[in-house]
Amino acid sequence: MTARLGLLLILQIAVSHPENNGVQISPANNPLNVIAGSNLSLACSTTTTCSTPLKYTWRKPAGGDVNNEVLPSMTFEIHKVETNHEGEYICTVICGDKEMMKKVRVQVISFNEPVIQVPEPVKEGIKVNATCTVKNNNPDGIQASIVWMLGTQVLRNISHTSDNHFTDTLTIQPKKENHGQHLGCIVTLDVFKKERFVELQVNYAPSKTHISVSTPLVEGNAFVMNCSSDGNPRPKLEWLKKNKPWPANMRRHDGSVSGVLSQRDEGTYECTAKNEQGEQKANVSLVIHYGPKNTSISASPGSDLPEGGSLQLTCKTQSNPEVTQYKWNKLPEATLPQGVLVEGSTLTIHSFQGDHQGIYECEAIHQSGKHDRGYVTVTVTQEERLTQEPASPIIGAVFGSLFGGAAAGGIGGFLLAKLLK
C-alpha cells in the first residue's frame with residue numbers, strides 16, 4: 001500500500017510539472033551563452049489556454065528563488081552579467097492547480113580584448129612576428145575564431161579551442177605601402193566578438209622625392225622651390241647646385257629654397273632625401289627669363305656715310321627667351337622718314353639722304369612686358385677741302401742749314417724762308 005502511494009505521488013509530481021508543456025523561453029538557445037558584462041533578458045510564455053490568470057515564477061535551483069512573481073511581462077532580467085550567474089534557470093507557469101515549466105542553462109563567456117604585440121622597429125621587407133593574446137574564462141568546448149587583418153585584407157582565419165589563455169602568432173613581411181595601415185586581431189567566441197587594431201609603422205627608404213618650382217622664372221621675381229619625399233622616418237632634405245657654388249641670393253630652408261631670381265641662378269639643382277633606410281635624389285634645371293638689357297644699335301657700313309649710300313642698322317639686346325618684337329623711331333620726330341625699310345631688328349635705307357640724318361632709337365620689347373632702348377646717330381659725310389698752307393720758317397731754316405755752316409746756314413735758311421713767303 002505504501003509503495004503504491006509513493007508511486008502515485010511521483011506520477012502526480014511528474015504530471016503537475018511537465019517540462020515544455022507549451023512553455024517557451026526566449027531566446028530559445030539552450031545552453032544560452034551570454035557575454036560577461038552584458039545584460040540578460042529571458043522571456044517566458046505559454047500557448048496554454050487558462051480560465052484563470054496565469055502566474056509566472058523564475059527560479060535557479062542552486063541559488064533559490066530569483067524572482068517569485070514576475071510582472072505580466074513574464075521576463076527575467078540580469079543587469080551586467082557575471083560568472084556567478086551561470087547555471088540552470090527554470091520558468092514555471094501556473095494555471096489554476098496546474099504547473100508547467102521550462103529550463104534553460106545559462107553559460108557566461110568572459111574574455112578580454114585581444115592584445116597585439118609587434119616588435120619595433122618594423123622595416124620594409126624584413127619579416128617580423130606579430131602576436132595576438134587573449135585571456136578568457138569560458139565553458140568547455142566553445143570554439144574561438146581568430147581573424148588577422150591588415151587594412152581591408154584578411155591575412156589569416158583560424159579556429160582555436162577556447163581555454164583560459166591562448167596566443168596566435170602571425171609572420172608578416174611589410175611593404176612601404178603598409179605604413180599607416182591597421183593590423184587587426186578579431187576574436188569571436190560563439191556570437192560574441194572583440195577586436196584590437198594597431199597602426200603599423202613601417203620604416204622605409206625615401207621614395208617619390210619631388211621638386212616643385214614656382215613660376216614664372218623671371219629675373220627679379222620672388223622665387224620658391226620645394227622638395228618633398230615620403231620616407232619613414234621623415235627624411236632629412238639637403239640642397240646643392242650641381243657643379244657650381246650655391247648662389248648667395250638663394251636661402252635654403254628645411255625642404256625649400258627662396259630668393260629673388262637673377263641670371264646667375266640658372267643651372268641644375270639637386271635635393272637629396274635621407275633617412276636611416278637610405279636616400280633618394282631629385283634634380284631640376286632652372287632656366288631664368290631675363291632682359292632685355294644692354295640694348296645697342298650697330299651701323300653698317302658705318303654711322304657716317306655719303307649721300308646715296310646704303311645703310312643698315314641692326315638692333316642687338318640680351319634676353320631669354322629672345323626678343324621677337326622691336327620698335328624703331330627717329331628722334332626727335334618719333335617717326336621714320338621716307339625710304340626706310342624695317343624688318344624686326346633691322347632697319348635699312350638703300351639711298352641715304354640728308355633728311356635721313358639724325359638719332360635712331362630701337363626699343364626691344366620682351367614677352368614678359370619689360371623693354372629696353374638703344375640709340376645711334378647717323379650723318380652724311382662732309383668732303384674734305386684741301387688747302388695749301390704757307391711754308392713754315394722753321395722748315396726753311398732747316399733746309400738752309402743743310403747748305404751752310406751753323407751760323408751762316410741758320411741766317412741763310414731764315415732768308416730763304418722769307419723769300420718763299
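Select cysteine 95 to begin: in this predicted model, cysteine 95 is buried, with a relative accessible area of 12%, and because the cut-off for that label is under 20% relative accessible area, the assignment follows directly. Show its sulfur together with that of cysteine 50, since a disulfide joins the two with an S to S distance of 1.9 Å. Cysteine 95 belongs to strand S7, whereas cysteine 50 sits in the loop between S3 and strand S4 (55-60), so that the bond links distant parts of the chain, 45 residues apart. Looking along the S-S bond, you will find a torsion of about 105°, and the disulfide is therefore right-handed.

Stay with strand S7 and select cysteine 91, which is joined to cysteine 44 by a disulfide, again with S to S 1.9 Å. Here cysteine 44 lies in strand S3 (residues 40-46) and cysteine 91 in strand S7 (residues 87-95), with their positions 47 residues apart in the numbering. Both cysteine 44 and cysteine 91 are buried, and the link of the two is left-handed, with -95° about the S-S bond.

Move next to cysteine 315 and cysteine 362, where a disulfide has an S to S distance of 2.0 Å. Cysteine 315 is in strand S27 (residues 311-320) and cysteine 362 in strand S31 (residues 358-365), distant parts of the chain that are 47 residues apart. The torsion about this S-S bond is about -95°, so the disulfide is left-handed, and both of its cysteines are buried. A search of the whole structure finds five disulfides, and with the bonded cysteines counted along the chain their pattern reads 1-3, 2-4, 5-6, 7-8, 9-10.

Return to strand S7 for the aromatic side chains, and select Trp58, Phe76 and Tyr89, which form one aromatic cluster. Three aromatic pairs are found in a search of the whole structure. One of them is made by phenylalanine 76 and tyrosine 89, whose rings are tilted at 35° between the planes and lie 5.5 Å centre to centre. Phenylalanine 76 lies in strand S6 (residues 75-78) and tyrosine 89 in strand S7, so the pair ties together parts that are 13 residues apart in sequence. Phenylalanine 76 counts as buried at 6% relative accessibility, as does tyrosine 89 at 1%.

For another aromatic pair, select tryptophan 246 and tyrosine 269, which are arranged edge-to-face, with 90° between the planes and 5.5 Å centre to centre. Tryptophan 246 is found in the loop between strand S20 (236-241) and strand S21 (250-252), while tyrosine 269 is in strand S23 (residues 267-275), 23 residues apart. Tyrosine 269 counts as buried, at 0% relative accessibility. Adding arginine 252 to the selection shows a side chain that lies over the face of tryptophan 246, at 4.2 Å from the ring centre.

The last stop is an open sheet of four strands, in the order S13-S12-S15-S16 and with antiparallel pairing. Strand S13 (153-161) and strand S16 (192-199) stand at the edges, each with a single partner strand, so one side of each is left without a neighbour in the sheet. Neighbouring strands of this sheet are turned by 15° against each other on average, direction ignored. Strand S12 (residues 143-150) pairs with S13 over eight bridges, and methionine 149 has valine 154 in S13 as its bridge partner. Eight bridges also join strand S15 (residues 182-189) to S16, with leucine 189 opposite phenylalanine 192 in S16. Finish at aspartate 190, which takes a positive phi near 55° in the hairpin of S15 and S16, where two residues stand between the strands.

Technical notes
Residues numbered from 1 in each chain as written. Predicted model: local features only at pLDDT ≥ 70, side-chain atom pairs only at ≥ 80, totals over all residues. Heavy atoms only, no water. Disulfide = S-S within 2.5 Å. Buried < 20%, exposed > 50% of the residue type's maximum accessible area, 1.4 Å probe, protein only. Pairing = 2+ DSSP bridges. Axes fitted to C-alpha atoms, helices over the stretch in contact; angles between N-to-C directions. Phe/Tyr/Trp six-rings, centres within 6.5 Å; stacked < 30°, edge-to-face > 60°. Lys NZ or Arg CZ within 6 Å of the ring centre and 35° of its normal.
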